[in-house]
Amino acid sequence: MAPTYTSFVVLGSGGSISPYIIDALSKEPDVKKLIVLSRSSSSSKPIPPSSSKAEFLQVDYDDHASLVNIFRTHGTEVIVSTLPNAAVNTQKKVALAAKEAGTVKLFFPTEYEVVTYGLGGKGEGWLSEKDEIDDFLKSIDLPSARIFNGILMRWILWLNGYDANGKINILKDRGDAPISLTAEEDIGEFIAYVSTHLPPSQLANARFRLEGERLTTKEFASRLGKPIEYVDAIPGDDSEIRNTVAAKCELGAGSTGYNHELKKDNDVTGPEGAGSGNRLWPGHVWRKIEDVLELDKI
Ligand SMILES: NC(=O)c1ccc[n+]([C@@H]2O[C@H](COP(=O)([O-])OP(=O)(O)OC[C@H]3O[C@@H](n4cnc5c(N)ncnc54)[C@H](OP(=O)(O)O)[C@@H]3O)[C@@H](O)[C@H]2O)c1
């Protein structure tokens, strides 16, 4: 069967998730064209040799004509954004250029988080802004595909403030809510797999709820064999972000099945349940924390 899409552009070359997506797209045989857009001011590390399929282009996101030209020249069909929360609205400029180019069929806006669907207009900072980007894509009739993965496996220790005191810090009276954890590699490979194997109708305006593992913070500490500290606030730099995300997770919103309207998980067997996206990739073995974190070194 012919692959669904073969020409990809990734926005952003470094950070928490982009290198894994670039690597996975590079290794997917059905991906024939892979462009990575990087700002001219970028200080991101060069792409590793295993990602040799990727072509690295400098970009000015304010230069509409050059974005249109890139998408047309390379017949770009899929855009995968990995931009940070601070640049969430830059995606609108890219989307408008994609629309004008006329070749782009699917846009993965930057998510890679807890579920943000349903938070638009609710004033929840960058979490709301992510949902509002999806509304924008719909308003210009550019199909989107959103990835909800809960907490990235390489970020869970940071979220728990382990770097600050060598303990798994848990907000007082909490620690029992299940949280979805997903390996960065699995997310990249999932994007590569579904974009080349699923029909456009299953990709357009999809919400992919992934889950590599489902653990409470107490279970996570026990798996790692690390001590727990009950705290009023998660310690460490950027404590505010850690507390916001940790508090949400402890209320249940760390599960990729979470429904912000009902304030509880969707039916796990239904199309919007936790890990429902996993079912679209039959046979894939999802990584465990032991596959990703070097437990003997932490
Ligand atoms: N769930 C989790 O545990 C978790 C943890 C971390 C991040 N995330 C999510 O992952 C996504 C990416 O976050 P990140 O931490 O990887 O971001 P990041 O490292 O700050 O940025 C990713 C890439 O975007 C480009 N970029 C950075 N600032 C930009 C700007 N102002 N304008 C345009 N491009 C810019 C850079 O590429 P170039 O230098 O090549 O231009 C950078 O390498 C976000 O949606 C975030 O919410 C989730």
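**Exercise 1. Describe how helix H1 passes helix H7 in this predicted model.**

Residues are numbered from 1 along each chain as its sequence is written. The model is predicted, so local features need pLDDT of at least 70, side-chain atom pairs count only at pLDDT 80 or more, and totals for chains, interfaces and linings use all residues.

Step 1. Locate the helices, which are DSSP runs of H or I with at least four residues, numbered from the N terminus: H1 covers residues 18-27 and H7 covers residues 184-197.

Step 2. Take the axes, lines fitted to C-alpha atoms over the stretch in contact, with angles from 0 to 180 degrees between N-to-C directions. They come within 8 Å and cross at roughly 45°.

Step 3. H1 and H7 are therefore oblique to each other (not under 35, over 145 or 65 to 115 degrees).

Step 4. The crossing is right-handed (the near helix is turned clockwise from the far one by less than a right angle).

**Exercise 2. Place strand S4 among its partners and give the directions of its residues.**

Step 1. Strands are DSSP runs of E with at least two residues; S4 spans residues 78-81.

Step 2. Pairing requires at least two DSSP bridges. S4 pairs with S1 (residues 7-11) in the parallel sense over four bridges, and Val-80 is the bridge partner of Val-10.

Step 3. Three bridges join S4 to S5 (residues 106-108), also parallel, with Val-80 opposite Phe-108.

Step 4. Val-78 and Val-80 point one way, Ile-79 and Ser-81 the other, and all are buried (20 or more other C-beta atoms, placed from the backbone, within 10 Å of their own).

Key:
A residue is buried if 20 or more other C-beta atoms lie within 10 Å of its own, exposed if 12 or fewer, and partly exposed in between; C-beta atoms are placed from the backbone.
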